[in-house]
Amino acid sequence: MQINGDRLWASLMELARIGATEKGGVKRLALTDLDKQGRDLVVGWGKEAGMSITIDQIGNVFMRRDGTNNALPPVMTGSHIDTQPTGGKFDGNYGVLAGLEVVRTLNDLKIKTEAPIEVAFWTNEEGSRFVPVMMGSGVFCGAFSLETAYAAKDVDGKTVGEELERIGYKGPQVPGDHPIGAYFETHIEQGPVLEDADKVIGVVPAVMGLSWYDCVVTGMEAHAGPTPMGLRKDALQVSTRIMQEVVAIANRYPPYGRGTVGMVQVFPNSRNVIPGEVKFSIDLRNVNDELLNTMHEEMLAFIDKTRSESGLKISIERVSYYPPCPFHPECVDAVRSATAKLGYSTMDVVSGAGHDAIYAARLAPAGMIFVPCKDGISHNEIEDAKAEHLEAGCNVLLHAMLERARLV
């Protein structure tokens, strides 16, 4: 049993025309007019496939193919169709349209399932226009309130609540009043591991947890010429010691340790002034709570030591924390067995990025399927993937979902 790869590719390319950029990417920010056009297109395709449509109050859309026993909770798949400002054709979109292709294939083959099958697309996964990220699935699982989400503003002061109303996707269903029997999400890897190993399918056992911090080192700005080296209170030089330690900590906990400083602000940022204050971000990740907490404690200990040795004021604040998310063994096994049945090359890949599946996993057994993307590049207009890999991932999704939904 195989999906129609040409039809899947054609659907991806048609959706990519909405918000297409000159460099070959897509800019379709959440709850804009372009997002409405994308939503309308996908919903129209769902209706053509005979699916019923439900929209909840945060704008999550659920497209349902009935089973022979509709009292059973649906086996769901999905992702998102909003993009980054310089996004690509596949991030999120592939997961939604792969689900639609599963339904189209079942229709073509006149196959019935006992449990209903649903395809979801979640609101504002990217968090590019409104914060927090993974907003729709987060509200759905109760991670934060509908009121908090409605009040979120973009740079122009427009709120989520207002924009949902404006584009006509503020539905009646209370978020979370929608059962899920199991959830699968198919996605490009957004990293280089599968391509580097020359594997077609990534079986995803877990998503890394992450801790984000804001660190501020305060010294004293002074003239770069008259001030001797031994009498300086150089905030930047002390900051770089901490930055190097962030990387060193990650390297001590392979293979999933990650440590990144991605944002730095230097004051006064003048060529001939010793920096008096440096603000920078720290991003720590690993695959389980124990390792992530160990990295956290080692970083705090190093900062305490550096504060004592340098005599400078150093503040550190954890601003965000997402715990590691292990996926359900039965869903992981369903992906693994489907991959083996179809004969694709495979390896386990722990996700370093967040996905809606993280929140779905709080409510139901969940799993993910990765396929390679060119050079591991995503969140970029040159994001690319091979049609045969996208087809393979969708075939795995089809068989994994059928294992849970049960053929009649």
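Leaving aside its neighbours within four places in sequence, with which residues is Val160 in contact? In the predicted model examined here, Val160 is in contact with Leu31, Ile58, Phe130, Met135, Ala149, Tyr150 and Ala152, once neighbours within four places in sequence are set aside. Val160 also belongs to the largest nonpolar core, which holds 96 residues, and is listed with Val42, Ile58, Leu97, Phe184, Phe327 and Leu390 as the members that touch the most other members. Ile58 thus appears both in that list and among the contacts of Val160. The element that gives the most to this core is helix α12, residues 387-405, with ten residues. Apart from this core lies another, of 22 residues, among them Ile242, Tyr253, Ile282 and Phe302.

At the level of domains, the assignment divides the chain into domain 1, which comprises 5-207 together with 324-405, and domain 2, which comprises 209-322. The centres of domain 1 and domain 2, taken over C-alpha atoms, are separated by 36 Å. Contact between the two parts involves nine residues of domain 1 and nine residues of domain 2.

The UniProt annotation "binding site", taken from an unreviewed entry, covers His80, Asp91 and His187. Although these residues span 108 residues in sequence, no two of their C-alpha atoms are more than 10.3 Å apart, so they gather at one spot. Of these residues, His80 and Asp91 are included in the lining of the largest cavity.

Asp91 is placed in the loop between β3 (75-79) and α3 (93-108), and its relative accessibility of 6% lies under the 20% cut-off, so that Asp91 counts as buried. The side chains of Asp91 and His80 are joined by a polar contact of 3.4 Å. When residues up to four places away in sequence are not counted, Asp91 touches His80, Glu126, His187, Ile188, Gln190, Ser378, His379 and Glu383, a set that includes the two other residues covered by the annotation.

His187 is found in strand β5, which runs over residues 182-188, and at 1% relative accessibility His187 likewise counts as buried. With residues up to four places away in sequence again left out, His187 touches Ser79, His80, Asp91, Gly92, Tyr94, His355, Met368, Ile369, Phe370 and Val371. Tyr94 and Val371, both touched by His187, are also touched by His389, whose contacts, under the same exclusion of residues up to four places away in sequence, are Tyr94, Val200, Val371 and Pro372. His389 has its place in helix α12 and, at 16% relative accessibility, counts as buried.

A further buried polar residue is Asn286, with a relative accessible area of 0%, which is placed in strand β13, residues 277-286. The side chain of Asn286 reaches the backbone oxygen of Tyr253 at 3.5 Å, and Tyr253 is itself among the residues of the 22-residue core. Not counting residues up to four places away in sequence, Asn286 touches Met208, Gly209, Tyr253, Tyr256, Gly257, Leu291, Leu292, Met295 and Pro324. Among these contacts, Gly209 falls within the bounds of domain 2, whereas Pro324 falls within those of domain 1.

Methods: Residues numbered from 1 in each chain as written. Predicted model: local features only at pLDDT ≥ 70, side-chain atom pairs only at ≥ 80, totals over all residues. Heavy atoms only, no water. UniProt positions renumbered as here; feature names shortened; annotations may be inferred. 1 Å grid on protein atoms, 1.4 Å probe; cavity = no way out; pocket = protein on both sides within 12 Å on 5 of 7 lines; lining within 4 Å. Helix = DSSP H or I, 4+ residues; strand = E, 2+ residues; numbered from the N terminus. Buried < 20%, exposed > 50% of the residue type's maximum accessible area, 1.4 Å probe, protein only. Contact = heavy atoms within 4.5 Å. Polar contact = N/O pair within 3.5 Å; in protein donor to acceptor, adjacent residues only side chain to side chain. Core = buried A, V, L, I, M, F, W, Y, C linked by side-chain atoms within 4.5 Å. Domains from an automatic or database assignment.
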